[in-house]
Amino acid sequence: MKHTFKIFRYDPAKERQPRYQEYQVEAEPTDKILDCLNRIRWEQDSSLTYRMSCAHGVCGSDAMRINGICALACQRLIKDYGEGPLLIEPLPQFPVLKDLLVDLTAFFEKYRGIWPYLLPDDPAPEKERLQSPEERMAFDEAIRCILCGCCTAACPILEDNQQFLGPAALLRAFRYLFDSRDRQKGKRMELLDDENAIWGCKTHGKCTEVCPKEIQVTQSLGRVKKKIYDSKKAP
Ligand code: SF4
């Protein structure tokens with residue numbers, strides 16, 4: 001069956017305005033959206049630009065907006081979207097480099113800004129830093145994050161405040177704040193105790209709705225807020 005794809009096209013180096021271009025693609029209901037984009041690129045229009053790598057929901061590089069909702073093109077199937085034309089757009093909140101390809105520089109700068117690594121206060125042990133299964137479970141879900149950017153792109157706070165760290169960076173901050181091997185909790189909480197950091201989150205929950213790894217992002221950010229709040233109450 002033929003499906004219509006209406007795709008955002010824009011080359012800022014050559015065009016003054018974005019436009020939408022339609023393509024007809026022969027596809028089965030079980031075909032992935034990414035497979036259809038590949039078919040367009042390989043068989044109809046090699047100028048169509050987007051990011052992809054593993055095509056199996058592991059690398060997170062093919063995040064885009066499909067019928068208005070941020071998702072991974074390799075995880076979504078034709079049958080997920082009914083009969084009508086499929087609207088394919090780049091992730092919102094990020095500058096477009098070309099077509100569906102966005103500039104993630106600011107996204108990764110924010111990510112690096114939350115110290116996404118262990119901060120111990122002792123020399124490295126001969127083998128590994130030990131942790132019990134219970135301690136590991138305290139942040140287990142956050143480990144599944146693939147930094148696809150869907151949550152940050154879907155976050156309504158960023159529409160008005162581009163300084164806000166966004167859910168992906170804050171989720172990574174949560175992961176280290178709740179890691180028993182990290183020894184700089186105070187320093188981390190100081191960093192996060194800010195309107196552009198954890199208090200910028202107003203619990204809209206869009207991040208959780210779109211996360212392709214089904215991580216309870218909003219809930220984890222709530223645990224960060226509570227930890228900071230409790231630390232201030234403590235004598
Ligand atoms: Fe992607 Fe989910 Fe990680 Fe956000 S939390 S970057 S949506 S995997």
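This is a guided tour of one structure, moving from a sheet to a pocket and then to a ligand. The model is predicted, and residues are numbered from 1 along each chain.

**The sheet**

Begin by selecting the strands of the open sheet, of which there are 5, in the order S2-S1-S5-S3-S4 with mixed pairing. Which strands lie at the edges? They are S2 (19-26) and S4, each of which pairs on one side only. Turn the view along the sheet to follow its twist, which averages 35 degrees from one strand to the next. As a general point, the strands of a sheet pair through backbone hydrogen bonds, either parallel or antiparallel.

**Strand S3 and its two partners**

Next, select residues 63-66, which form strand S3, together with residues 86-89, which form strand S5. These two strands run antiparallel and are joined by 2 bridges. Colour Ile66 and then Ile88 in S5, its bridge partner. Arg65 can be shown next, with Glu89 of S5 standing opposite.

Now add strand S4 (69-72) to the selection. How many bridges join S3 to S4? There are 4, and the two strands run antiparallel. Across this pairing, Met64 stands opposite Ala71 in S4. S3 and S4 also form a hairpin with 2 residues between the strands, where Asn67 takes a positive phi near 50 degrees.

**The largest pocket**

Keep S4 in view and display the largest pocket, whose volume is about 330 Å³. Its lining consists of 20 residues; select Gly68, Ile69, Cys70, Ala154 and Val210, which lie nearest the centre of the pocket. Which elements supply at least two residues each of this lining? Among them are S4, helix H4 and helix H8 (206-210). Colouring the lining by class gives 11 nonpolar, 3 polar and 6 charged residues. Colour the model by domain as well: domain 1 (2-102) and domain 2 (105-233) each contribute at least three residues to the lining of the largest pocket.

**The ligand**

Finally, select the ligand and the 13 residues around it. Of these, Cys145, Cys148, Gly149, Cys151 and Cys211 come nearest. Helix H4 (150-154) appears again here, since H4 and helix H6 (167-177) each supply at least two residues of the shell around the ligand. Which classes make up this shell? Colouring the shell by class shows 11 nonpolar, 1 polar and 1 charged residues.

Technical notes
Predicted model: local features only at pLDDT ≥ 70, side-chain atom pairs only at ≥ 80, totals over all residues. Heavy atoms only, no water. Near = heavy atom within 4 Å. Nonpolar A, V, L, I, M, F, W, Y, C, P; charged D, E, K, R; others polar. 1 Å grid on protein atoms, 1.4 Å probe; cavity = no way out; pocket = protein on both sides within 12 Å on 5 of 7 lines; lining within 4 Å. Points joined across faces, edges and corners; volume = space filled by probe spheres on them. Domains from an automatic or database assignment. Pairing = 2+ DSSP bridges. Axes fitted to C-alpha atoms, helices over the stretch in contact; angles between N-to-C directions.
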